[in-house]
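Student: I should like a close look at one residue and at how its setting compares with other sites in the model. Please treat the matter in one connected account.

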Amino acid sequence: MALSLRRRLPLLALLLAAGGLRAAERSSGSSSAMEELATEKEAEESHRQDSVSLLTFILLLTLTILTIWLFKHRRVRFLHETGLAMIYGLIVGVILRYGTPSTSGHDKPFSCSQEDRPFTTLLVNVSGKFFEYTLKGEISPGKIHNVEQNDMLRKVTFDPEVFFNILLPPIIFHAGYSLKKRHFFRNLGSILAYAFLGTAVSCFIIGNLMYGVVKLMKLVGQLSDKFYYTDCLLFGAIISATDPVTVLAIFNELHADVDLYALLFGESVLNDAVAIVLSSSIVAYQPTGENTHAFDAAAFFKSVGVFLGIFSGSFMMGAVTGVVTALVTKFTKLHCFPLLETALFFLMSWSTFLLAEACGFTGVVAVLFCGITQAHYTYNNLSVESRSRTKQLFEVLHFLAENFIFSYMGLALFTFQKHIFSPVFIIGAFIAIFLGRAAHIYPLSFLLNLGRRHKISWNFQHMMMFSGLRGAMAFALAIRDTATYSHQMMFSTTLLIVFFTVWIVGGGTTPMLSWLNIRVGVDPDQDPPPTNDSFQVLQGDGPDSERRNRTKQESAWLFRLWYSFDHNYLKPILTHSGPPLTTTLPSWCGLIARCLTSPQVYDNQEQLREEDSDFILNDGDLTVTYGDTTITANGSSGPHTATTSLDGRRTKSNSEEALERDLGAADHEVTSRGTRLVFPLEDNA
């Protein structure tokens, strides 16, 4: 009996062990199932919160649009749509910050004293299972137990790359695509001076003044971490990016002086591009030696080279993409399928930004010049439906993206968890911006007036000084890097500056226009008539031709230098307009000219000849010009180059006529291809 029992004990132990193993397996399986169920619930909750956060911004935009309609209906101008979007964002930010409960946290700090730097990705082994964690940023020791655990606040805090890769491209492209060439090129030299030289001056003045403010903060004990001179210069570059969207919208609504509008719009468009490249150059400043923030001549010139290289490379990339799109739309029959044509145009334009960023250039510069190139070349190849679609598409995207950014600004004032507000730094920043803008506008205007035919008056200068608002670009540059103490303080200050300039300065635009006696209600398509013309144009579009002639004479000489080349060669190669290449290229290039010239060019020429041939009149003092041929009173004809009428007066050349046509009627052109009847008048001088 005892022997039998002893024999059965190992078997019993084995059975008990097997039962325990099965129970452990069932327990482990049950635990694994519970973990999977919990993971699914967390994923479902995360998806729900993502939907709520996106719905919040959509409702913000919807409310903004309805309020904008109400303001326009009531003719309210003291608050622009962007300021309204910021107010709604502030309200929602307050609700999310203080009206939603915080979730319970499970954070447990671990010490990794052996590591001298943080890792962007961390793999943690928990009971044989590996979990991946990503770096969210540094937390100061005093706030390690006060980390906000509100998941909703984290959901509505977007990755800064969202602004650069999704929201900025349509805003910048629309600025280049909707550019009014006539007034822009009339003031091209002044715009380039304000955008390049002025932005650099403003950056260095603000940077040096803020370095003095930082030294003062260190003396009074309000600086708790490092703040280098290069950080001050970076802040100067960020805050030098002007965005007078409020002022320009009011100018457009009131039809303010067109030259003032062109100066402000052109400066803001190119200024954004210069500011972002300038900030990249400052970041690239890396002196050799122990002190990496001291002045080093070699590093300085390297940064200058980086600036020139990035800007020129981005410019070329944007222009090349526009040229490729123009060639594709010219030599294919995509115009027969407007939907495909519009889709290709959209994708090629947007890919310019991403391509430039992927190659180490600046997407803002690339997409800006891509927009200008698309408007100058590709637009002529599109079908009528695609022209309307592309204009409306990018206008809607620009409107939504811009208002989304301003709504997020209001939201970020309460949802961003790393704000550092310093009263001394904020007050110093406002003073530095005022002085930097003054040093930017007044000295440059004085120098430009020395060579301008139409001077930039004092009231124009005061209005440009007043209109130096900060907006989407400054915010996007500031939020892109908030990892350090200095950058967090710069971001918080930039946010307050944008609020102040949009609300206060934007709201005071209309009274300032009245106080400075700046013309409003101006027709942007008409100029005062010239005082000493020698010709009188007797045709229905006579004032239009007169205006184009004046535009050509007042266009910047830099633009006029390359225009002849563009009209005779680039336009015929890239579009269906311009003279045939067989008439502009040398005879030995005949094969290439015939291949690159589209049949539409010849059709347009023949149509023009047939339409105009009925208007030939016989009169002693009459010169009739049509197509590429000039018929004088004696019946002689010749190529339409610069010709002289019977009384010795010079008529316009083909390239000059095209220049007037391109500049004068770029945006609302209704082409009249009839014969111009030009009668010489007697000089009374």
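Student: Is R186 buried or exposed, and what is its relative accessible area?

Tutor: R186 is buried, with a relative accessible area of 10%; the term buried means under 20% relative accessible area, exposed means over 50%, and partly exposed covers what lies in between (1.4 Å probe, protein chains only). This is a predicted model, in which local features need pLDDT of at least 70, side-chain atom pairs count only at pLDDT 80 or more, and totals for chains, interfaces and linings use all residues. Residues are numbered from 1 along each chain as its sequence is written, and side-chain values use heavy atoms, with hydrogens and water left out.

R186 is placed in helix α5 (residues 181-186); helices (H or I, at least four residues) and strands (E, at least two) are DSSP runs, numbered from the N terminus. The C-alpha atom of R186 is separated by 8.8 Å from that of A262, although their positions lie 76 residues apart along the chain.

The salt bridges of the model offer further sites to examine. A salt bridge is a side-chain nitrogen of Lys or Arg within 4 Å of a carboxyl oxygen of Asp or Glu, and a search of the whole structure finds three of them.

One of these joins the side chains of R519 and D257, at 2.8 Å from N to O. This pair connects distant parts of the chain, 262 residues apart: R519 belongs to the loop between α18 (509-515) and β3 (535-537), and D257 to the loop between α8 (245-254) and α9 (258-283). The burial of the partners is unequal, since R519 is partly exposed at 47% relative accessible area, whereas D257 is buried at 6%.

Another salt bridge is made by R437 and E267, whose closest N and O atoms are 2.9 Å apart. R437 sits in helix α14 (residues 423-449) and E267 in helix α9, so this pair ties together parts that are 170 residues apart in sequence. Here R437 is buried, at a relative accessible area of 4%, and E267 also counts as buried, at 1%.

R480 and E357 form a salt bridge as well, with 3.7 Å between the closest N and O atoms. It links R480, in the loop between α16 (472-479) and α17 (485-507), with E357, in helix α11 (residues 338-358), across 123 residues. R480 counts as partly exposed, at 33% relative accessibility, and E357 is likewise partly exposed, at 23%.

Several of these elements meet again around helix α15 (residues 458-466). The buried residues of that helix are N459, F460, Q461, M463, M464 and M465. They pack against α6 (188-219), α8, α9, α14 and α18, where a contact means heavy atoms within 4.5 Å.

A further buried polar residue is N403, which is placed in helix α13 (residues 384-415) and has a relative accessible area of 0%. A polar atom of its side chain lies 2.8 Å from the backbone oxygen of F399. Leaving aside residues up to four places away in sequence, N403 touches L61, T64, E81, T82 and A85.

The surface presents another kind of site. F204, F300, F301, V304 and L308 form a nonpolar patch with about 470 Å² of accessible area together. Patches are made of residues with over 30% relative accessible area and no salt bridge; like charges are joined within 9 Å, and nonpolar side chains (Val, Leu, Ile, Met, Phe, Trp, Tyr) within 5 Å. The areas come from the Shrake-Rupley method with a 1.4 Å probe, and for residues only the protein chains shown count as cover.

Helix α10 (residues 297-331) gives the most to this patch, with four residues. F300 is placed in α10 and is partly exposed, at 32% relative accessible area. F204 belongs to helix α6 and is partly exposed, at 36%; its C-alpha atom is 9.7 Å from that of S240, 36 residues apart in sequence.

For the protein as a whole, the secondary structure comes to 24 helices and seven strands. R186 shares its buried class with 46% of the 685 residues. Among contacts between residues at least 6 apart in sequence, 77% join residues at least 24 apart. The accessible surface comes to about 35700 Å², of which 63% belongs to carbon and sulfur atoms.

Key: A polar contact is a pair of N or O atoms within 3.5 Å; within protein, one must be able to donate a hydrogen and the other to accept it, and residues adjacent in sequence count only if both atoms are side-chain atoms.
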